[in-house]
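Thanks, everyone, for making the time this morning. I would like to take you through one model, so please have the sequence and the structure open while I talk.

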Amino acid sequence: VATYGEATAAAIAAAHRLEPALDVSVKADAPGWAERLGGVVLPTGSVRTLASGDIAALPGFDDGAWWVQDAAAALPARLLGRVAGLSVADLCAAPGGKTAELAAAGAAVTAVEISGRRASRLRQNLARLGLAAEVVTADVLGWQPPALFDAVLLDAPCAATGTIRRHPDVAWLKKPEDIAALAAVQARMLTRAATLLKPGGRLVYCTCSLEPEEGEAHLSATLAALPLVLDPVMPAEVGGVAGIARADGTVRTLACHLPNANPRLAGLDGFFMMRLRRVA
């Protein structure tokens, strides 16, 4: 309520009470896969379906035609723009949805993940999809690549309060004191990510958190401390969905966004996103 106001907080809570739909990102032919999966193509380009049961049994899974990814989670990689032929670092990359997006778009992706178990899962997902990326098991804060990147995507570790509708346990497991500790880690990661960029390169920072300390609060601090400038996101870049591309150039999605006459087809995970550009 303090952050979003009583009405929006109530709308978020109401959305959390509904079972979310299944969102998938497709390599190609979103309308065709929406028809095969009994779903719809969202304005953002993702396919949303009410299909349930064993995901691996759905058409196209074994063929690697698509991967599960909330429509909001699919946006940060797209905010890097045209990446074909570019070198891109995907930091904190597992389970690999964003890596897959970038690889499918023609980027030369280096996916960095601190957990060996999660890095293994990322490799398995890429293999199923028939996509290639260099997977590095390392701590982003200490990792030293051989060359700078054209673009960097940082999906930083966070309290994940934007995913409560999919993971209700988050509301019970996370504590208020976790927020400050995570925000400090995010600030260090932002600093590190900036050093990995070529001059003129783009950096997209995102978290699946509703907490402003893990999102909006980083904007002014980052611009003041690092050789980065804000690269504002235009509404058309996020499918023109009402209210998510904000006047300050950042993006904020909420569980109550993307309304639909069928409430099961509505909603987005809660994300904060900002796009920055490295200056010389």
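I will begin with the strands, go on to the salt bridges, and end with a pocket.

Please keep in mind throughout that this is a predicted model.

Let me start with the sheet that contains strand E1, which covers residues 22-26. Four strands make up this open sheet, in the order E2-E3-E1-E4, and their pairing is antiparallel. The edge positions are taken by E2, residues 39-41, and by E4, and because each of these has a single partner strand, one side of each is left without a neighbour in the sheet. On average, and with direction ignored, neighbouring strands here are turned by 30° against each other. If you look at the contact between E1 and E4, you will find three bridges in the antiparallel sense, and there Val-24 stands opposite Val-68 of E4.

Now please move to strand E9, residues 197-207. How many of the 11 residues of E9 are buried? The count is eight, so E9 is largely enclosed by the rest of the structure. E9 pairs with E8 in the parallel sense over six bridges, and Phe-149 is placed opposite Leu-197 of E9. With E12, by contrast, E9 runs antiparallel, again joined by six bridges, and here Arg-202 stands opposite Arg-277 of E12.

The strands E8 and E9 are also linked through side chains, which brings me to the salt bridges, of which the count comes to 16. Asp-150 and Lys-198 meet in one of them, at 3.0 Å from N to O, and this pair ties Asp-150 in E8 to Lys-198 in E9, 48 residues apart. Asp-150, at 22% relative accessibility, counts as partly exposed, and Lys-198, at 34%, is likewise partly exposed.

A further salt bridge is formed by Arg-166 and Asp-70, at 2.8 Å from N to O. These two residues lie 96 residues apart, Arg-166 in the loop between E8 and helix H6, and Asp-70 in the loop between E4 and H3, so that the pair links distant parts of the chain. Is each partner buried or partly exposed? Arg-166 has 27% relative accessibility and therefore counts as partly exposed, whereas Asp-70, at 7%, counts as buried.

Next to Arg-166 in the sequence is Arg-165, whose side chain meets that of Asp-269 in a salt bridge at 3.1 Å, N to O. This pair spans 104 residues, with Asp-269 in the loop between E11 and E12 and Arg-165 in the loop between E8 and H6, and both partners are buried. Through shared partners, salt bridges join Asp-23, Arg-48, Asp-70, Arg-165, Arg-166 and Asp-269 into one network.

Finally, I would like to turn to the second largest pocket, whose volume is about 280 Å³. Its lining has 14 residues, and those closest to the pocket centre are Val-26, Arg-78, Glu-101, Ala-104 and Ala-105. Which elements each supply at least two residues of this lining? They are strand E1, helix H3 at 75-78 and helix H4 at 97-104, and H4 gives the most, with three residues. By residue class, the lining divides into eight nonpolar, three polar and three charged residues.

That is where I will stop, and I am glad to go back to any of these regions in the discussion.

Technical notes:
Residues are numbered from 1 along each chain as its sequence is written. This is a predicted model: local features need pLDDT of at least 70, side-chain atom pairs count only at pLDDT 80 or more; totals for chains, interfaces and linings use all residues. Side-chain values use heavy atoms; hydrogens and water are left out. On a 1 Å grid over the protein atoms alone, a cavity is a set of points where a 1.4 Å probe fits but cannot get out, and a pocket is an open set with protein on both sides within 12 Å along at least five of seven lines; lining residues have an atom within 4 Å of a point. Grid points are joined across faces, edges and corners, and a volume is the space filled by probe spheres set on the points. Ala, Val, Leu, Ile, Met, Phe, Trp, Tyr, Cys and Pro count as nonpolar, Asp, Glu, Lys and Arg as charged, and the others, Gly among them, as polar. A salt bridge is a side-chain nitrogen of Lys or Arg within 4 Å of a carboxyl oxygen of Asp or Glu. Buried means under 20% relative accessible area, exposed over 50%, partly exposed in between (1.4 Å probe, protein chains only). Two strands pair if DSSP finds at least two bridges between them. Axes are lines fitted to C-alpha atoms, for helices over the stretch in contact, and angles run from 0 to 180 degrees between N-to-C directions.
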